[in-house]
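Here is a short report on one protein chain. Please have the sequence and the model open side by side as you read.

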Amino acid sequence: MKTTWIVAAVCLAAGTARGAGLQTPSLTPDFEPFATQAASEAAGELDLVECCRICRQKAAGGALKPWSFALTQTADFGTSLALPIGLTPSNTLLSPIGDASQAAILTGSQAQLLGILGNLGILPVPPGTDVQGVFEDDFQFQTTAATSYQRELGEFGVLTAGYSYYQNLHPDLDELDLQSHTPTVQHAIQLTDRITLTNYYTYSYYFLSGSSFVSQNRIGSTAVLRANDRWDFGLGTNYANANFRGGSQFLNSDNYAGTLEATRYLDEGRNNYIKAGYGAGYSDAVLSGFAYQLNSVFTVIRFLYGNEFRNEVRLSGGYGRYDFIGVDPIQSTIFRADNIYNAGLFYGRKIGDNWQVFAQYSYLKSNSNVARQLYNSDLISLGVTYAR
């Protein structure tokens, strides 16, 4: 039983079945303040509670099954596509006014094309202002794969090493093609009958449109309290540094984040639940116009039903307030502030013990006081997940 509980806590801390870009070990990866949402948009990723159920099955007889693997493939259609703001605060496509054909994510070379090297402090030249945001619709195909190896350390500890891969490809909008590689190592230990602590390190490397984009080192801890059969409480904290390539060092940042989370289970089997949480963070970018503080809240409602609980429905929603520290580099009279709302509806159907087919709708609204960050995005996803 003790090993089973530790393995469940490892899943809560790592989300190993979800495998995800900058998505890091956390109580709820969807809610990590500075983690990219790109992989969580691959709708078929297993819910953390489902992950824990699988882990408990693997702990038969108190012995871990060392290796696990998961693969998700989706086909999606999205409107007003952009990168996740958790990956880069300059997450929308920018182009010269009147020439959307030259749109790209902001890098050093794109800044030169836009004539804003002075705005970013790269060259001592006058600032430019002829910049527009570009919001295109396109299909995309997302692949998420993860593998992990676990072994017991003593009676109450589990060491896990894992690797995850993420890729999305667009037929037309290849400026947003994203690929990531993320190895992770973590140690979970049961401190008492009710409290489990997990410490982790993860390294992520991103390629954007085939070129090196950003790397990130992250360390953190999560603690999970099982108050009783119906309530879990979690606390997480982490630090990460982001190092951008392609002449984009003005975006380099140190990131500090913390989360609080509560889960109320609606049945004795802990299958159905309502989860809510709060997160806060600070991103200290080199250029203060891209540094910000964040406060966010979220909620998730999950139901399993039908024969052997093979049907799953999830409703989710969240809100984040991004208050930027310095004057915006492009609209230089404004201190940027983004209010980001998101909502999602997921339906999945398990086929056998290892497969799940699913459909999901996701909505994101970025309500900003700078024009290039003002957009609404819809994403419709169909896909399949295999986990073993």
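## D323 and its salt bridge

D323 is partly exposed in this predicted model. Its relative accessible area is 23%. That value is not under 20%, so D323 does not count as buried. The side chain of D323 meets that of R321 in a salt bridge. The N to O distance is 2.8 Å. R321 is partly exposed too, at 29% relative accessibility.

Side chains of opposite charge can pair when their charged atoms come close. Next to R321 and D323 in the numbering are two aromatic residues, Y322 and F324. Together with Y292, Y322 and F324 form one aromatic cluster.

## Other salt bridges

How many salt bridges does a search of the whole structure find? The search returns eight. One of them is formed by the side chains of R336 and D338, at 2.7 Å from N to O. Both R336 and D338 are buried.

The salt bridge between R226 and D229 has an N to O distance of 3.7 Å. R226 counts as partly exposed, with 25% relative accessibility. D229 counts as exposed, with 52%. The cut-off for exposed is over 50%, so D229 passes it and R226 does not. Elsewhere, R302, E312 and R314 are linked in a network of salt bridges.

## Strand β8: S215 and I219

Strand β8 covers residues 211-226. S215 is found in this strand. Is S215 buried or exposed? It is buried, with a relative accessible area of 3%. The side chain of S215 makes a polar contact with the side chain of R245, at 2.5 Å. Set aside the neighbours within four places in sequence, and S215 is in contact with Y203, S204 and Y205. On the same terms, S215 also contacts N241, A242, N243 and R245.

I219 is found in strand β8 as well. I219 is partly exposed, with a relative accessible area of 47%. A nonpolar patch on the surface includes I219. The other members are L153, L159, V185 and Y201. Together the five residues have about 380 Å² of accessible area.

## Aromatic pairs

A pair of aromatic rings is described by the distance of the centres and the angle of the planes. The count of aromatic pairs comes to 14. F213 and F244 form an edge-to-face pair. Their ring centres are 5.5 Å apart, and the planes stand at 90° to each other.

Which parts of the chain does this pair tie together? F213 lies in strand β8 and F244 in strand β9, which covers residues 231-244. The pair therefore ties together parts that are 31 residues apart in sequence. F213 and F244 are both buried.

## Q190 and T259

Q190 has its place in strand β6, which runs over residues 178-190. Q190 counts as buried, at 8% relative accessibility. The side chain of Q190 reaches the backbone oxygen of T192. The distance is 3.1 Å.

T259 lies in strand β10, residues 253-265. T259 is buried, with a relative accessible area of 11%. How far apart are T259 and Y278 in sequence and in space? They are 19 residues apart in sequence. In space, their C-alpha atoms are 5.7 Å apart.

## The chain as a whole

The chain has 388 residues, and buried residues make up 55% of them. Its secondary structure comes to three helices and 16 strands. Among the contacts with a separation of 6 or more, 61% are between residues 24 or more positions apart.

The accessible surface of the chain comes to about 15600 Å². Carbon and sulfur atoms account for 59% of that surface.

Conventions:
Residues are numbered from 1 along each chain as its sequence is written. This is a predicted model: local features need pLDDT of at least 70, side-chain atom pairs count only at pLDDT 80 or more; totals for chains, interfaces and linings use all residues. Side-chain values use heavy atoms; hydrogens and water are left out. Helices (H or I, at least four residues) and strands (E, at least two) are DSSP runs, numbered from the N terminus. Buried means under 20% relative accessible area, exposed over 50%, partly exposed in between (1.4 Å probe, protein chains only). A polar contact is a pair of N or O atoms within 3.5 Å; within protein, one must be able to donate a hydrogen and the other to accept it, and residues adjacent in sequence count only if both atoms are side-chain atoms. Contact means heavy atoms within 4.5 Å. Patches are made of residues with over 30% relative accessible area and no salt bridge: like charges are joined within 9 Å, nonpolar side chains (Val, Leu, Ile, Met, Phe, Trp, Tyr) within 5 Å. Accessible areas come from the Shrake-Rupley method with a 1.4 Å probe; for residues, only the protein chains shown count as cover. A salt bridge is a side-chain nitrogen of Lys or Arg within 4 Å of a carboxyl oxygen of Asp or Glu. Rings of Phe, Tyr and Trp (its six-membered ring) pair if their centres lie within 6.5 Å; planes under 30 degrees apart count as stacked, over 60 as edge-to-face and the rest as tilted.
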